[in-house]
Amino acid sequence: MHRAPAFLPLTVDAAARLNAGLLLRQALVTDRAADECWTALLAGCGTAARRGLAPQLRRLSEATSEHVGVRWWFAEGTGHRRRVASAQENLEDAIADGDGQEFALAFVGYDHAMASAVVACPQRARLPR
């Protein structure tokens with residue numbers, strides 16, 4: 001059964017609209033990992049789900065970089081890249097603190113930063129060189 005993304009709805013929607021299959025798959029996997037982490041945080045557990053989300057966030061950032069093009073990501077998209085990195089750091093801090101409320105707020109910022117980066121890249125920058 002398919003469920004709507006709970007943590008990355010903007011990013012999933014942006015990837016789907018742009019037919020970015022790899023990015024979409026990575027966003028959905030990351031959303032599931034976030035759901036597992038959220039459950040662990042609420043239960044007060046120090047499970048692998050909490051430790052496993054940070055690497056998954058990095059994989060999503062890498063997939064985003066590949067989608068928008070490394071050249072754009074490190075040039076015109078630098079502001080977006082920094083915003084994503086900052087949001088990711090906030091999320092990792094929330095996970096380390098075990099703070100569910102901080103986690104939820106940080107994920108809203110992360111989702112917005114990721115989706116903004118995906119849609120901000122001009123279509124021509126995504127074309128293979």
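The following is a working conversation about charges, cysteines and one loop residue in a predicted model.

Me: Before we start, what are the ground rules for this model?
Reply: It is a predicted model, in which local features need pLDDT of at least 70 and side-chain atom pairs count only at pLDDT 80 or more, while totals for chains, interfaces and linings use all residues. Residues are numbered from 1 along each chain as its sequence is written, and side-chain values use heavy atoms, with hydrogens and water left out.

Me: How many salt bridges does the structure hold?
Reply: There are two salt bridges, the term being used for a side-chain nitrogen of Lys or Arg within 4 Å of a carboxyl oxygen of Asp or Glu.

Me: Which residue pairs with aspartate 13?
Reply: Aspartate 13 forms a salt bridge with arginine 17, and the closest N and O atoms are 2.8 Å apart. The two are separated by about one helical turn because they stand four residues apart in helix H1. Helices here are DSSP runs (H or I, at least four residues), numbered from the N terminus.

Me: Are those two buried or exposed?
Reply: Aspartate 13 is partly exposed, with a relative accessible area of 37%, whereas arginine 17 counts as exposed at 67%. Buried means under 20% relative accessible area, exposed over 50%, and partly exposed in between (1.4 Å probe, protein chains only).

Me: And which residue does glutamate 92 bridge to?
Reply: Glutamate 92 forms a salt bridge with arginine 58, the closest N and O atoms being 3.5 Å apart. This pair links distant parts of the chain, with glutamate 92 in helix H5, arginine 58 in helix H3, and their positions 34 residues apart. Both count as partly exposed, glutamate 92 at 26% relative accessibility and arginine 58 at 40%.

Me: Where does arginine 51 lie?
Reply: Arginine 51 belongs to helix H3, which covers residues 48–68. Arginine 51 is exposed, with a relative accessible area of 56%. From C-alpha to C-alpha, arginine 51 and glutamate 92 are 9.4 Å apart in space, and 41 residues apart in sequence.

Me: Moving to the surface, which residues gather in the patch of negative charge?
Reply: The patch consists of Glu89, Asp93, Asp97 and Asp99. Patch members have over 30% relative accessible area and no salt bridge, and like charges are joined within 9 Å. Asp and Glu count as negative, and the place of a charge is taken as CG of Asp or CD of Glu.

Me: Where do aspartate 93 and aspartate 97 sit?
Reply: Aspartate 93 is in helix H5, residues 78–97, and aspartate 97 is found in helix H5 as well. Aspartate 93 is partly exposed at 38%, while aspartate 97 is exposed at 54%. The C-alpha atom of aspartate 97 is separated by 9.5 Å from that of leucine 41, 56 residues away along the chain.

Me: New topic: how many disulfides are there?
Reply: A search of the whole structure finds zero disulfides, a disulfide being a pair of cysteine sulfur atoms within 2.5 Å. Cysteine 37 is buried, with a relative accessible area of 0%, and cysteine 121 counts as buried at 3%.

Me: Last one: what is the phi of asparagine 19?
Reply: Asparagine 19 has a positive phi of about 55°, although it is not a glycine. Asparagine 19 lies in the loop between helix H1 (9–17) and helix H2 (21–43), and counts as exposed at 68% relative accessibility.

Definitions and conventions: Patch = residues over 30% accessible without salt bridge, like charges linked within 9 Å, V, L, I, M, F, W, Y side chains within 5 Å. Areas by Shrake-Rupley, 256 points an atom, 1.4 Å probe, with all protein chains shown as cover.
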